[in-house]
Amino acid sequence: MRFELAGDVTDEALGEALNAAFGSKPIVYARTGDSVAVYGHTGERAGPLAKILAAGRANSRSKALDKIETGLDEAMGKAGIRAAAEVTAAVGNERKAQYFLQKFIRAHEQVRRANGQAVSSKQPTKAAAAIFEEWRPQLSGRERRNAYHLLFSARAGTDAQAIMAAARAVLEERAPGHKFVLAHHAETKHVHIHAMVQARSADGERLTFYKADLHAWREAYAEKAREHGIAMAATRRYDHAMSRPYTKEHAGAYKRAQHDPRYQVSDKTVARVEDKRQRRMDSGLLVANGGAIAAVWQQTATVMRAVGVTGQALTAAQAIGHTVLQVHARRGGEEPADARSKYDGGPRLTPSFLSHPGMKELTRLIGATDMAQTPLEMRQKMARVNQALDQMRDTLPNAEQTRFEQYREGVNDRMHDRLARLQFEQQRGVGGAGEAAPEREARGRDLPARDDTRQPETSRPQAETARQRVQKDAARQKGRQAEEQDRKTQRSQDDEYER
């Protein structure tokens, strides 16, 4: 904006008037005689204003600019200064806003902040970046979460006071320094405790809830519940050894195919939905995870015996754990071990890679890939996941290698699907709309190399070193191409804006 002052105005009075006119909105300004240039953030929508200015105010019927200028004139007048305001430019893009802030600092001498502090013009890029970082909280239209709503539940008949004490212990352990309130919802059959937890602690630390974090919270909750005399074990979704879950799209397609012959669904989709609805066990999932499932049931039986639970409940828990272990061993081509377990004197559980100490960190890395926004970022996260998989593979026994390779193949398939989608979205954003490339075909295009199990064992270190070198070179090349494209796009947009 530009203000033309009428009469003598001191610098101090000018600063107070501008602050009164713009309120709490961040601004910088520069004065040259009776002319004052102002650059700042306002609550007005910049897109329509930029279109009016680009087409010429004389060719527009909109009165938006006149309304803004009249309001600023009146605000300056109330502060005791007569000035004529004029809007000269409007930018709605953050990147362009920071760029034009640099130009503003270069073009004017003695640029000042809203508090009157001078802005150094020796390094306009750094000065603009520092100012823009201070403005960022006011530029964002989305407010960060202030609190989280958690739910601690248990079966009907469980002691509500014990669940309340367990929930309090979990929050004190997992969220130290965060304020929270608890409430027992007694109007339903099953017992559950509502908790509202402050997102930021007194020290400024924020809570995070990724998938790995949620399972850690469940494990802590089950542990505290057992300490208060409640038989509880934390289980993951795949620990239930049921068939693979189906999506809403699968269910919708299955339902339409039953009523309309024009819709066709694959036999695999039909089997997936039917197995889930009829609660059939997935033999492949049971073989892969039977050891971990049996361990949970054996631990549950131990906890039940420790708290005094007897009768059919204890017998059923022991029988389920023993049966799952037997089925897991027989279908996996192994014989159940005769040694005793550390839990309750039952058969020793077959070790599984799912109980590996590095599995928690691996789960966190896999969950982080869902947060990738660009193909380059996705490749970097994939490299970290495969590095963690390599480290885990080297420490597993030979009996677990086959199942671990199947698990690894599934993880890489999902990550490559995600990468293919990000590549397609990036191409569509740059080159316009188009047909989506099949994800399986897109995997062969510029993706991180995966280990080939058919290669000799002696070539693994050399292959790993070569793979990491290729990944680094590809990442650097992609980064340079992206930066060059950004510079070209920026120059083109700036030239068009100047025209």
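The numbered points below describe two sheets, the helices packed on them, and a few single residues in a predicted model.

1. Five-stranded sheet. Strands β4, β1, β3, β2 and β5 form an open sheet in the order β4-β1-β3-β2-β5, with antiparallel pairing. The edges are taken by β4 and β5 (112-113); each has a single partner strand, so one side of each lacks a neighbour in the sheet.

2. Pairing of β1 with β4. Strand β1 covers residues 2-5 and runs antiparallel to β4, to which four bridges join it. One position to look up is E4, whose bridge partner in β4 is A84.

3. The two faces of β4. In a regular strand the side chains alternate between the two faces of the sheet. Strand β4 (residues 83-86) shows this alternation: A83 and A85 point to one face and are buried. A84 and E86 point to the other face and are not buried. A84, the partner of E4, therefore belongs to the face of β4 that is not buried.

4. Pairing of β2 with β3. Strand β2 (residues 27-32) and strand β3 (residues 35-40) run antiparallel and are joined by six bridges. Within this pair, R31 stands opposite V36 of β3. Helix α4 (residues 94-107) packs on the sheet and touches β2 and β3. The direction of α4 makes about 155° with that of β3.

5. Helix α3 on the sheet. Helix α3, residues 64-78, lies across β1 and β4. It runs at about 150° to β4.

6. Helix α1 against helix α3. Two packed helices are described by the angle between their axes and the distance between the axes. For helix α1 (residues 11-22) and α3, the angle is about 135° and the axes are 8 Å apart. Angles over 145 degrees would count as roughly antiparallel and those from 65 to 115 as roughly perpendicular; α1 and α3 are therefore oblique to each other. Their crossing is right-handed. On the α1 side the contact is made by L14, A17, L18, A21 and F22, and on the α3 side by L72, A75 and M76. The residues of this contact divide into eight nonpolar, no polar and no charged.

7. Three-stranded sheet. A second group of strands, in the order β6-β8-β7, forms an open sheet with antiparallel pairing. Here β6 and β7 (180-184) stand at the edges with a single partner strand each, so one side of each is without a neighbour in the sheet. From one strand to the next the twist averages 20°.

8. Pairing of β6 with β8. Strand β6 and strand β8 (residues 191-198) pair in the antiparallel sense over eight bridges. A147 has Q198 of β8 as its bridge partner.

9. The two faces of β6. Strand β6 spans residues 147-154, and its covered face consists of Y148, L150, F152 and A154. The uncovered face has A147, H149, L151 and S153. A147, whose partner is Q198, is thus named among the residues of the uncovered face.

10. Pairing of β7 with β8. Strands β7 and β8 run antiparallel and are joined by five bridges. A hairpin of six residues leads from β7 to β8. Two positions help to set the register: L182 has A195 of β8 as its bridge partner, and A183 stands opposite H194 in β8.

11. Helix α6 on the sheet. Helix α6 (residues 160-174) lies across β6, β7 and β8. Its direction is at about 165° to β7.

12. Helix α12. Of the 10 residues of helix α12 (residues 359-368), seven are buried, so the helix is largely enclosed by the rest of the structure. The buried residues are M359, L362, T363, L365, I366, G367 and A368.

13. R421. This residue is in helix α14, residues 398-431. Is R421 buried, partly exposed or exposed? Its relative accessible area is 37%, and partly exposed is the range between 20% and 50%, so R421 is partly exposed. R421 and T374 are 47 residues apart in sequence, while their C-alpha atoms are 9.8 Å apart in space.

Definitions and conventions: Residues are numbered from 1 along each chain as its sequence is written. This is a predicted model: local features need pLDDT of at least 70, side-chain atom pairs count only at pLDDT 80 or more; totals for chains, interfaces and linings use all residues. Side-chain values use heavy atoms; hydrogens and water are left out. Buried means under 20% relative accessible area, exposed over 50%, partly exposed in between (1.4 Å probe, protein chains only). Two strands pair if DSSP finds at least two bridges between them. Axes are lines fitted to C-alpha atoms, for helices over the stretch in contact, and angles run from 0 to 180 degrees between N-to-C directions. Contact means heavy atoms within 4.5 Å. Angles under 35 degrees count as roughly parallel, over 145 as roughly antiparallel, 65 to 115 as roughly perpendicular and the rest as oblique. A crossing is left-handed if the near helix is turned anticlockwise from the far one by less than a right angle, and right-handed if clockwise. Ala, Val, Leu, Ile, Met, Phe, Trp, Tyr, Cys and Pro count as nonpolar, Asp, Glu, Lys and Arg as charged, and the others, Gly among them, as polar.
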